[in-house]
Structures are given as structure tokens and as C-alpha cells.
Amino acid sequence: MDLLKFEPLLKQTLWGGEKITAFKHLDSDLENVGESWEISGVKDNETIVANGTEKGKSLNQLVREQKGALVGQENYERFGDEFPLLIKFIDARQDLSIQVHPTDEIAHRQGKSRGKTEMWVALESDKGAQLYNGLKQQITPEQYKEMVENDTITDALARYEVNEGDVFFIPAGRIHAIGAGCFVAEIQQTSDVTYRIYDFKRKDKNGNYRELHTKEAAESIDYTVLPNYRTEYQLEKNVPQQVAQCPYFTTAIYDLTEPMMLDYSELDSFVILIGLKGEGTLTADGKSVSLNAGETVLIPATAKEIKVEGTVKFLETYV
């Protein structure tokens with residue numbers, strides 16, 4: 001089976017910037033591109049295979065046809081015909097809304113298919129760019145409601161200056177927001193459930209305030225306060241560094257300057273590699289594809305040994 005690339009879905013947004021098309025070397029004059037959906041099985045937003053013998057097929061079509069051979073047998077039994085992860089690049093020219101995602105359990109109660117746990121890895125962002133992740137002080141549901149009403153909810157949130165390589169894990173229930181100037185890679189559950197808590201009183205192009213989801217958000221918030229919401233790690237050249245592990249994905253960062261063999265013989269899962277910096281090549285079963293900054297590759301579960309060559313920094317994630 002081929003190592004798969006997909007046609008990206010570019011999303012123009014109210015807050016989108018200009019970094020994504022340049023980062024991905026796309027010939028596009030689209031403006032305000034806030035997101036590039038790299039690998040997606042979200043209904044009506046499915047990415048299409050861009051290379052190899054499966055070119056032109058949607059991701060979900062591949063899952064239906066190849067089942068465990070593509071995603072891993074245990075994953076297919078768990079998720080069925082829906083691909084379990086959504087991979088994005090996000091470029092925020094303006095602050096995104098203060099938001100929260102529900103857990104699977106809460107999402108089911110609210111009539112949604114599933115919740116959303118996600119993570120961010122910062123790319124080269126603007127100097128001084130910041131984001132919100134988690135509560136910095138204990139508040140009650142009543143205080144939360146008051147702070148949303150009087151426009152002070154950001155006072156209760158932990159705020160971080162963003163530097164390239166920073167990692168933030170955002171479990172369902174944690175209040176968060178990407179700030180102006182941030183450029184990140186995002187790994188998340190396949191879910192488009194986002195509850196806006198606060199949107200800085202902004203209006204859309206038609207002069208209307210964007211919808212808030214105050215009630216649903218209130219039902220979803222985890223009020224736990226932690227001392228630090230940034231993932232601390234030390235990255236060494238040519239040594240994988242795990243930066244996230246949860247029921248939905250396991251993620252590591254690699255910074256390679258010499259060839260490496262990736263051994264997946266004990267793994268019953270697809271693997272996704274996301275290029276962050278530099279240029280590389282992946283080879284499996286005599287077939288090669290590039291893995292450069294801005295490129296994302298899906299490795300089917302049947303591919304058990306991948307050779308990586310080049311000077312390239314990338315993320316590895318699987319379920």
C-alpha cells in the first residue's frame with residue numbers, strides 16, 4: 001500500500017492569516033486562510049488522496065474499502081468507517097474565540113457524536129504571540145457565568161507566550177484559545193464540536209456577532225486548576241521525544257539529521273507524519289514520498305518499516 005498524501009482543505013476564516021499557503025508552497029491567492037485540513041474524515045470535509053494508486057478517493061472511502069489494513073484492526077473495531085484523527089495547520093491573524101470542547105460522554109448527552117481532545121505544536125509564530133490554555137485560578141460555575149457576562153473571562157485564564165516548538169495538550173473540558181500571531185500544527189479527535197464562550201465582541205462581515213454557546217460550554221468545562229499547562233520536554237537530535245499520550249492519540253517529535261528506520265512491527269495502527277521544518281524522504285516497500293515542512297503523510301497500518309532520510313523535523317502520531 002502507498003504512503004498517502006492528501007489534497008489540503010483550505011479554510012478561509014474571519015481571523016485567518018497569510019502563513020499557510022507560503023508554508024505549504026501552494027500556488028494560491030486565497031486570503032485569510034485560517035486552517036489547512038491536512039487529513040480529515042469529517043463529513044462533508046473529507047480530504048482526497050493526492051498520490052499513488054488510490055489518487056482521487058476520499059479518506060473515508062479508503063477506510064470503508066481497506067478497513068483494518070489502513071487504520072489497524074483494533075482501531076477499525078473501535079471507530080468503524082470513520083477515520084479517528086483530524087490533522088490541521090492553523091494560522092491566527094487575530095485572536096480566536098475563547099472556547100471549550102466537551103468530553104465524549106457530555107457530547108453524547110448533548111446529541112453530538114463525540115467530544116474533542118486535541119494538542120498544538122507551535123510553528124514559527126509572530127514575536128510576542130500568545131495563547132490561552134487552562135484556568136489560572138479557581139472559579140465556580142456562577143463566577144464563570146458572571147465573568148462571561150462582564151467581559152472578564154480572560155482574567156481567569158492562563159496565558160502563554162508562544163515560541164517555536166512549544167507543545168500544549170488540550171483535553172476536552174479545558175478552556176483555551178489561540179491568540180493573534182500564533183501558527184500551530186493541531187492533532188485532534190475527528191470532531192468539529194466547538195463551543196464559543198467569548199468572542200471579544202467581534203462582528204462578522206455582515207455586522208453580526210458570532211454565535212456563542214454559553215449553555216453547552218457551561219456543561220462542558222473542567223474547573224481543575226493546574227500549575228502549568230505547557231508540555232515541558234527536551235528534544236535531542238535523532239532521538240524521538242514523546243510529547244502526548246491519551247486514549248485518542250500518542251504523539252512524538254523527531255528532529256533528524258541522519259537516516260532513521262521507524263519500526264511499527266508491534267503497532268496495530270496507522271501512523272501520521274507531519275512535516276514541521278526541513279526536507280526529508282520516506283521510503284517503504286521500495287516506494288518513496290517526500291516529507292517536507294508543510295506536508296503530511298498517512299502511513300497505512302500494513303506498512304511496518306519506514307526509512308526516513310534528510311534533515312527534517314516532524315511529528316509522529318497514531319491511535
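Which residue in S13 is the bridge partner of Leu131? In S13, Leu131 has Ile178 as its bridge partner. Notes on the rest follow.

1. Basis. This is a predicted model, where local features need pLDDT of at least 70 and side-chain atom pairs count only at pLDDT 80 or more, while totals for chains, interfaces and linings use all residues. Residues are numbered from 1 along each chain as its sequence is written, and side-chain values use heavy atoms, with hydrogens and water left out.

2. Strand S10. Strands are DSSP runs (E, at least two residues), numbered from the N terminus. S10 covers residues 130-135. Of its 6 residues, 5 are buried (under 20% relative accessible area, 1.4 Å probe, protein chains only). S10 is therefore largely enclosed by the rest of the structure.

3. Partners of S10. Two strands pair if DSSP finds at least two bridges between them. S10 is joined to S11 (residues 157-161) by 4 bridges, antiparallel. Gln130 has Glu161 as its bridge partner in S11. S10 and S13 also run antiparallel, with 3 bridges.

4. The open sheet. It has 7 strands, in the order S2-S3-S7-S14-S9-S12-S16, with antiparallel pairing. S2 (9-17) and S16 (230-231) stand at the edges; each has a single partner strand, so one side of each is left without a neighbour in the sheet.

5. The S16 edge. S12 (residues 167-170) pairs with S16 in the antiparallel sense over 2 bridges. Phe168 stands opposite Arg230 in S16.

6. Largest pocket. A pocket is an open set of points on a 1 Å grid over the protein atoms alone, with protein on both sides within 12 Å along at least five of seven lines. The largest has a volume of about 490 Å³ (the space filled by probe spheres set on the points, which are joined across faces, edges and corners). Of its 25 lining residues (an atom within 4 Å of a point), Trp15, Glu35, Lys88, Asp192 and Thr194 are the closest to its centre. Elements giving two or more residues to this lining include S3 (33-39), S7 (85-91) and S14 (183-189). S2 gives the largest share, 4 residues.

7. Pocket chemistry. The lining has 8 nonpolar, 8 polar and 9 charged residues. Here Asp, Glu, Lys and Arg count as charged; Ala, Val, Leu, Ile, Met, Phe, Trp, Tyr, Cys and Pro as nonpolar; the others, Gly among them, as polar.

8. Cavity. There is 1 cavity of 30 Å³ or more; a cavity is a set of points where a 1.4 Å probe fits but cannot get out. The largest holds about 50 Å³ of space. Its lining includes Glu164, Tyr233 and Lys313. By class, that lining has 6 nonpolar, 1 polar and 2 charged residues.

Definitions and conventions: Buried < 20%, exposed > 50% of the residue type's maximum accessible area, 1.4 Å probe, protein only.
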